[in-house]
Amino acid sequence: MIRKVYGWLTGPEDPEMSDRVDNAGHEDYLSAGGGGGGDDDRDELDSPFKTLSLDSDEFAYNMKHPKRGKFVIINNRTFNPETGMNERSGSDVDAASLYQIFLRFGFDVGLYHNQTKDQMLRLMISAAGENHSDSDCFGAAVLSHGDADVLYGTDGIIAIDNFIAPIKSCRTLVGKPKLFIFQACRGNEFDNGIFQSDAVGDGTRNGLVIPMEADVLYAYSTVPGYFSWRNSSKGSWFVQALTQILSRPETERMDFVRVLTRVSHAVAHQFESNASRPEMNRKKQVPSVVSMLTKDLYLGPKK
């Protein structure tokens, strides 16, 4: 069911449409450790913060390379029986929508269906081995089942950290935005919702060392621990909102993180599950955006 509050999304409500979840249904959770600090950290801002306005173009990524970049879409719809994962009906709609929107933005888009976990990793290793010197950025989207910190290949799970590691280590992508979009569950919880009452050169210098985690953005369809909903006919809520909002001309002038905020608003306010099982009916969802981008990112069509 689509609740058309602001008219951003298209299509009539259809009570017969079934909403589904991209959930793995298992309890394996991966843990990650933290680090420490030191006494000799610099405690003041260096140039360019002292000399440039914070709205200067210096704080926007260079999107004027000869190429926009590579965008990899992995669409896992069917899975081996031993995984216990159901077919992800509606995923092909998501894949087609993402393909068209990122092609419009000038990406070299590759679409790969029903990849094993090893094939998924090899796609990232292969992309990381290419020379991206003439590219603005890199992007990847995975449409699959998932759970906490893992994605499903057709034959089993792969840790998200392992999947993205080759791209983060790619030298020709250093200082350039690296976008990862994940349409997958991240746990088994349902979001019941809560009533709201009315209230009265690319900016890098020779020899500059930057964090490996810098310039990476992760756009997850849901928050940790929760289901991610998908309509069997229209595709997932997240990808519906993402592609329809990105297709609006005004987003060409908006920073990508700001665009994703609009996507989160649309998913949170305009969607609600319509399921025959009472425990799965009238549930909500909100995406999760984790950004380590160090500049503003304006996609827009490649000129």
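What covers the buried residues of α5? The cover includes β8, β9, α4 (237-246) and β12. The model on screen is predicted, and this tour starts from that helix after a look at the whole chain.

**Whole chain.** Display the protein chain as a cartoon: five helices and twelve strands should appear. Of its 303 residues, 48% are buried. The chain exposes about 15,500 Å², with carbon and sulfur atoms supplying 48% of that area.

**Helix α5.** Select 256-270, the range of α5. The helix has 15 residues, and the distance from its first C-alpha to its last is 21 Å, close to the 21 Å expected at 1.5 Å a residue. Now show side chains for its buried residues: Phe256, Val259, Leu260, Val263, Ser264, Ala266, Val267 and Gln270.

**Glutamine 285.** Move on to the loop between α5 and β12, where glutamine 285 lies. With a relative accessibility of 2%, glutamine 285 counts as buried, because the limit for that class is under 20%. Two polar contacts of its side chain can be drawn. One goes to the backbone oxygen of serine 221, at 2.7 Å; the other goes to the backbone nitrogen of tryptophan 229, also at 2.7 Å. Beyond its neighbours within four places in sequence, glutamine 285 touches Ser221, Thr222, Phe227, Ser228, Trp229, Trp237, Phe238, Val267 and Ala268. For a distance label, pick the C-alpha atoms of glutamine 285 and histidine 269: they are 8.9 Å apart, with the two positions 16 residues apart along the chain.

**Arginine 282 and glutamate 272.** Stay in the loop between α5 (256-270) and β12 (288-291) and select arginine 282. This residue is not a glycine, yet its phi is positive, about 60 degrees. Arginine 282 is exposed at 54% relative accessible area. Its salt-bridge partner is glutamate 272, with the closest N and O atoms 3.0 Å apart. Both residues sit in the loop between α5 and β12, so the pair ties together parts that are ten residues apart in sequence. Glutamate 272, unlike its exposed partner, is buried, with a relative accessible area of 9%.

**Arginine 68 and aspartate 136.** The structure holds eleven salt bridges. Another to select joins arginine 68 and aspartate 136, whose closest N and O atoms are 2.9 Å apart. The pair links distant parts of the chain, 68 residues apart: arginine 68 is in strand β2 (residues 67-75) and aspartate 136 in strand β4 (residues 135-143). Both are buried, arginine 68 at 3% and aspartate 136 at 0%.

**Arginine 248 and glutamate 250.** Here the side chains meet in a salt bridge at 2.6 Å, N to O. Arginine 248 is partly exposed at 32%, and glutamate 250 is partly exposed at 27%.

**Aspartate 215.** Go to the loop between β8 (178-183) and β9 (216-220) for aspartate 215. How far away is the nearest side chain of opposite charge? It belongs to lysine 178, 4.9 Å away, and aspartate 215 is buried without a salt bridge. The cut-off for a salt bridge is within 4 Å, so that distance does not qualify. Contacts of aspartate 215 beyond four places in sequence include Tyr61, Gly175, Ile210 and Met292.

**Asparagine 114.** The last stop is the loop between β3 (108-113) and α2 (117-128), where asparagine 114 is placed. Asparagine 114 has a positive phi of about 50 degrees without being a glycine. Its relative accessible area is 29%, which means partly exposed.

Note on methods: Residues numbered from 1 in each chain as written. Predicted model: local features only at pLDDT ≥ 70, side-chain atom pairs only at ≥ 80, totals over all residues. Heavy atoms only, no water. Helix = DSSP H or I, 4+ residues; strand = E, 2+ residues; numbered from the N terminus. Buried < 20%, exposed > 50% of the residue type's maximum accessible area, 1.4 Å probe, protein only. Areas by Shrake-Rupley, 256 points an atom, 1.4 Å probe, with all protein chains shown as cover. Lys, Arg positive; Asp, Glu negative; His and termini not counted. Contact = heavy atoms within 4.5 Å. Expected span 1.5 Å × (residues − 1). Polar contact = N/O pair within 3.5 Å; in protein donor to acceptor, adjacent residues only side chain to side chain.
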